[in-house]
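Work through the exercises below with the structure open beside you. Try each task before reading its solution.

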Amino acid sequence: MTEDELARRVTLGERAAVAEALNLTEDRRPEGRARAIALLRALRAGDEGARAHRVGITGPPGVGKSTLVAALTRELRRVSRTVGVVAVDPSSIRSGGALLGDRARISPDPNDQGVFVRSLATAGELGGLARSAPLALTVLAAAYDVAILETVGVGQTETDVRHVTDTVVFVVQPGSGDALQFLKAGIMEVPDVLVVNKADQAELAARASGDLAAALATLRSAGALPYDVPIVLTSARDGTGIDALVAALGAHRAELAGPRLLARRREGAIAWGLRAFVRRHGEVGVETRGGEQNVREAIASRLDEGAVIPQIVDEV
Amino acid sequence: MRTYSGHSTPKASNALYRQNMAKGQTGLSIAFDLPTQTGYDPDHELARGEVGKVGVPVAHLGDMRDLLDGIPLDAMNTSMTINATAAWLFALYVSLAEERGIDPKKLSGTVQNDIVKEYLSRGTFIFPPAQSLRLTSDVVTYAVEHVPEWNPINICSYHLQEAGATPVQELAYAITTAICVLDTVKARLGGDARIDGVFGRISFFVNAGLRFVEETCKMRAFVDLWDELGRTRYGVSDEKLRRFRYGVQVNSLELTAAQPENNIVRIALEMLAVVLSKRARARAVQLPAWNEALGLPRPWDQQLALRTQQIMAFETDLLEVEDIFDGSHVVEAKVRELRKAAWREVEAVLSRPGGVVGAVESGYIKERLVASNAARLARIERGEQIKVGVNQFDQTEPSPLTEGGGESILTVDPRVEKEAVERLAAWRATRDAEKVHASLAALKVAAKDGANVMPASIACAKAGVTTGEWAGALREVFGEYRAPTGIGGVATAGGGAGGRDAEATELEAIRATVRELGALLGRGAKMLVGKPGLDGHSNGAEQIALKARDVGFEVVYEGIRVTPAQLVASAAQEGVHIVGLSILSGSHLELVPEIVMGLRMAGLTKVPVVVGGIIPAEDARRLLDAGVARVYTPKNFELNAIMRDLVTLVREANG
Ligand code: B12
Ligand SMILES: Nc1nc2c(ncn2[C@@H]2O[C@H](COP(=O)(O)OP(=O)(O)OP(=O)(O)O)[C@@H](O)[C@H]2O)c(=O)[nH]1
Ligand SMILES: [Mg+2]
């Protein structure tokens, strides 16, 4: 099958095609990479995925991200939106092996053509994002209404997720001050939506959301908050608050519509390109190319010409 | 003395029970099939291949009538291994008694009704922990009031040892389960209700392994811990109510498929642990059969198990003497050590967020069991723990016992399922639909309102409701649950530590081949480990998944009870390079070919499928004919060898 044909089938949401396309995005062999680039170009040319909503779900380990993604998926299907999920789990540094268990929380109806779930291992990447995760998300965004990226981590991961999604959801659980600390210390960029999950532990959840609101207020008065970040209380376990989360996601997407969305995506693509460039060529590579600003500009102009990131990283 | 049995149909099982009683068996121990245990009727998709397999199907009151036909309920002590649907089977039993004009106060027996160990080991859970515990509590409080001779809960640490628990873990998690149940009952009765009576009705079902000295000490530690818990935590003043009452099934996990006749000796030695010490002697003992690791036992195999007990009881002088360990320093010290270590772990669990339930939901306890089991298998593979006939002394003369191949186990006629479906249809046709509807509606109301579900369940039983309908109604109210697999957080040794250099080298060598494979494939080698159907035997799948991760595979494992269609969808969406299925319940011939076909139809023509579990040789041949690449059984105890095979298979499939 040609890459154009594959791209066409992906956009039709054919599950076998989506699976094959995702395999390509992970392929490290030169011929595989070339095909992946051709595929991404074809998807980009069709401008597919522009309408999709790309959502990043991130946060510390064990706060219930996977359970929340499962609940969110069910709710989105209930309102007839199709959903693609990439769930990233860490690999063991030593063996390279990984246990990918997140499907278990979703257990989608195998006959439902409107849901697709792929697990990825970080494969030795630092931070919580697998190298191919952004590409996988691009494929899913071409095939489904909502493309969700779930990944563990705070700090750099959260920033990486921002580069490749339209809306970043940061999930915390009651009784842990982590998020608050990160926000205050400026380690973490302010997410687009804050979720306090496990709100079935009502008292603790109320306190956690109060603390978060206070932290946000401080940031706002310091002028460090570009918009009002909603705080949503959910219980992924009991399925409560999920409709409110869907609404918050919709509101953020609506707010971004038009030029702001395009600008955010372009900025994100450039930033992601820079990360990928550094990963490939090192700081030395950046220096030989005349410094970070020059690399950024080079990436931006190639993007505008219709190139895709893996290709740019190879070429620049 | 009794053997755990039931299979095929209620009528066939009834005949078996009568036979066993004629041989001197004094009680009844009913094994239900997996659909009945997980709340599905025989015509449900997930029941396929499982009806009447590992136990008897009971779908409604009519089945219960056939099952217990001619058996005097008021004179019989009946033990039912039933958990998630315990309230339902108990309701059927009580209804049958009432129908025969027997006062429920005269009924004696046990329902297992211990849901906690289902999440940790046995796998026949349906609802989330909190809701399940509420059902547990309903059965307990109903029985204490209306069926006072009945043991409404049998806390099982047996299954924990079968999932790898050490003696300390077995002690600790039995106690935490009891705490969890007692606290739930107490909360449902109102904060300051006295629960001495409930405490006194709790009995245990424990395991006894081959290290029978330590196991004897474990039993004595149980006696002490239980007494202490009653006194301190629940203020039970009557000493009699604090007595540790327990039954036993001795260990099966250590029984081998290789040279299976050796198991006869193992079983007798295991029994010593629970009979030798008078002070800590079991009330009831069940022994597995010598061919445990081959398949279901035939009546003759069960007879041997019964005779073993009879020889112990009637030919030895054991029952004539007082406790032979009283005053032994060695035993005393060991008991103290076990008690202390167990109590430390009890406190560790209680101090976790959400207490015992939290430790179940977060996978904390499950992870510990999986880790213990992994350590055990590694010891055997290294030859550190000797298994006679397996990793040592493995030369053998041809055995006359297993010559017959498939003949040495009981097989269930596949027509059983079709007949069960027909019986069910006939049953549905004759009942009063309106009554069924109304009684189910009342059940849902009780479930929502927090009323005891027992009276509503008894009304359902009498109205002709089926097992699937009863559980379906509660699924609607309570929701369904998937338990943590416990493998995510398990850190395995991974080699390298002192004295294990050979192992580390071996592991590194396999990792290198997996890395090379990744280079060939262009991405990390990815494997789906699947548990299709209702089979809850997860040990093998867990250990294979862990090992595959440790040698460098990316492993997708979704836990137990996945349908063939779901597995096919996962394999396709995840882009795996190999699929490994684990089936121990006997449904491999129904499920495996369907999955192979499904994969091929989904375009996964190159993905090899391997199968592991209790697969008789003849069936293995049929699976290979159906397109399976390899079949593994418990004889393949070397996980490293299996891993090397998997690498080869993937390499060959990808040219
Ligand atoms: C432990 C055990 C249990 C434990 C399971 C705990 C758990 N979470 O796994 C408990 C106590 C809960 C249990 C319960 C029951 N059990 Co049971 N159980 C066993 C036992 C003793 C050992 C199985 C085991 O774990 N072995 C250790 C693991 C590591 O070995 P393994 O799974 O065989 O895996 C090895 C190979 O087979 C292979 N392999 C396995 N899977 C895979 C997958 C892949 C991909 C690969 C490559 C290799 C591979 O590699 C492994 C390494 O050697 C066997 C008998 C026996 N000795 O084998 C009976 C047995 C399997 N149980 C049996 C029965 C009937 C039951 C019950 C149905 C009883 C009942 N009526 O209630 C229940 C049902 C539970 C359920 N929900 O399904 C029967 C099945 C009969 C049949 N097939 O016809 C057996 C054979 C006993 C018997 N003879 O009656 N059981
Ligand atoms: N009480 C409660 N528990 C929850 C809720 N959501 C998830 N959990 C539990 O929290 C634990 C972790 O859930 P996951 O969904 O795996 O969390 P995660 O953030 O994806 O975890 P990682 O991917 O390992 O970082 C599980 O035991 C869940 O059952 C909730 O809303 N309430
Ligand atoms: Mg997760």
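The exercises cover metal sites, a helix, salt bridges, one aspartate and a ligand.

This is a predicted model: local features need pLDDT of at least 70, side-chain atom pairs count only at pLDDT 80 or more, and totals for chains, interfaces and linings use all residues. Residues are numbered from 1 along each chain as its sequence is written, chains are lettered from A and ligands numbered from 1 in the order in which they are written, and side-chain values use heavy atoms, with hydrogens and water left out.

**Exercise 1. Find the protein donors of the magnesium ion (ligand 3), and place them in the chain.**

Step 1. Know the term. Donors are N, O and S atoms within 2.8 Å of the metal (3.2 Å for Na, K and Ca); water is not among the atoms, so sites may look incomplete.

Step 2. Name the donors. Ser66(A) gives OG and Glu150(A) gives OE, at 2.1 to 2.5 Å from the ion.

Step 3. Place them. Ser66(A) sits in helix α4 (residues 65-78) of chain A, while Glu150(A) sits in strand β5 (residues 146-152) of chain A. They are 84 residues apart, so the pair links distant parts of the chain. Helices (H or I, at least four residues) and strands (E, at least two) are DSSP runs, numbered from the N terminus.

Step 4. Check burial. Buried means under 20% relative accessible area, exposed over 50%, and partly exposed in between (1.4 Å probe, protein chains only). Ser66(A) has 9% relative accessibility and counts as buried. Glu150(A), with 5%, is buried too.

**Exercise 2. Test the span of α4(A), then describe its surroundings.**

Step 1. Work out the expected span. The rule is 1.5 Å times one less than the number of residues. For the 14 residues of α4(A), this gives 20 Å.

Step 2. Compare. The end C-alpha atoms of α4(A) are 20 Å apart, which agrees.

Step 3. Look around the helix. In α4(A), 10 of the 14 residues are buried, so the helix is largely enclosed by the rest of the structure. Among them are Lys65(A), Leu68(A), Val69(A) and Leu72(A).

Step 4. Look past the end. Ser80(A) follows α4(A) and has a positive phi, near 65 degrees.

**Exercise 3. Examine salt bridges in both chains, and say which parts they join.**

Step 1. Set the cut-off. A salt bridge is a side-chain nitrogen of Lys or Arg within 4 Å of a carboxyl oxygen of Asp or Glu. The structure holds 70 of them over all chains.

Step 2. Start in chain A. Glu20(A) and Arg35(A) pair at 4.0 Å, N to O. Glu20(A) lies in helix α2 (residues 15-26) and Arg35(A) in helix α3 (residues 30-45), so the pair ties together parts that are 15 residues apart in sequence. Glu20(A) is partly exposed at 28%, and Arg35(A) is partly exposed at 27%.

Step 3. Move to chain B. Arg431(B) and Glu469(B) form a salt bridge, with their closest N and O atoms 2.7 Å apart. Arg431(B) is in the loop between α16 (415-430) and α17 (433-449), and Glu469(B) is in helix α19 (residues 467-478), 38 residues apart. Arg431(B) is buried at 19%, and Glu469(B) is buried at 19%.

Step 4. Find a network. Shared partners join Arg220(B), Asp224(B), Arg279(B), Asp323(B), Asp326(B) and Arg339(B) into one.

**Exercise 4. Locate the protein donor of the cobalt atom of ligand 1.**

Step 1. Name the donor. The cobalt atom has a single one from the protein, His537(B) (NE2), 2.1 Å away.

Step 2. Place it. His537(B) lies in the loop between β10 (526-530) and α21 (539-550) of chain B.

**Exercise 5. Is Asp192(A) buried or exposed, and which side chains does it meet?**

Step 1. Place it. Asp192(A) is in the loop between α8 (178-185) and β7 (193-196) of chain A.

Step 2. Check burial. At 1% relative accessibility, Asp192(A) is buried.

Step 3. List its side-chain partners. A polar contact is a pair of N or O atoms within 3.5 Å; within protein, one must be able to donate a hydrogen and the other to accept it, and residues adjacent in sequence count only if both atoms are side-chain atoms. The side chain of Asp192(A) makes such contacts with the side chains of His252(A) at 3.4 Å and Arg264(A) at 3.2 Å.

**Exercise 6. Where does ligand 2 lie?**

Step 1. Find the chains. Ligand 2 lies between chains A and B.

Step 2. Pick atoms on each side. A nitrogen atom of ligand 2 is 3.1 Å from a side-chain N or O atom of Asn197(A). An oxygen atom of ligand 2 is 2.8 Å from a backbone N or O atom of Glu361(B).

Definitions and conventions:
A residue is near a molecule or strand if one of its heavy atoms lies within 4 Å of it.
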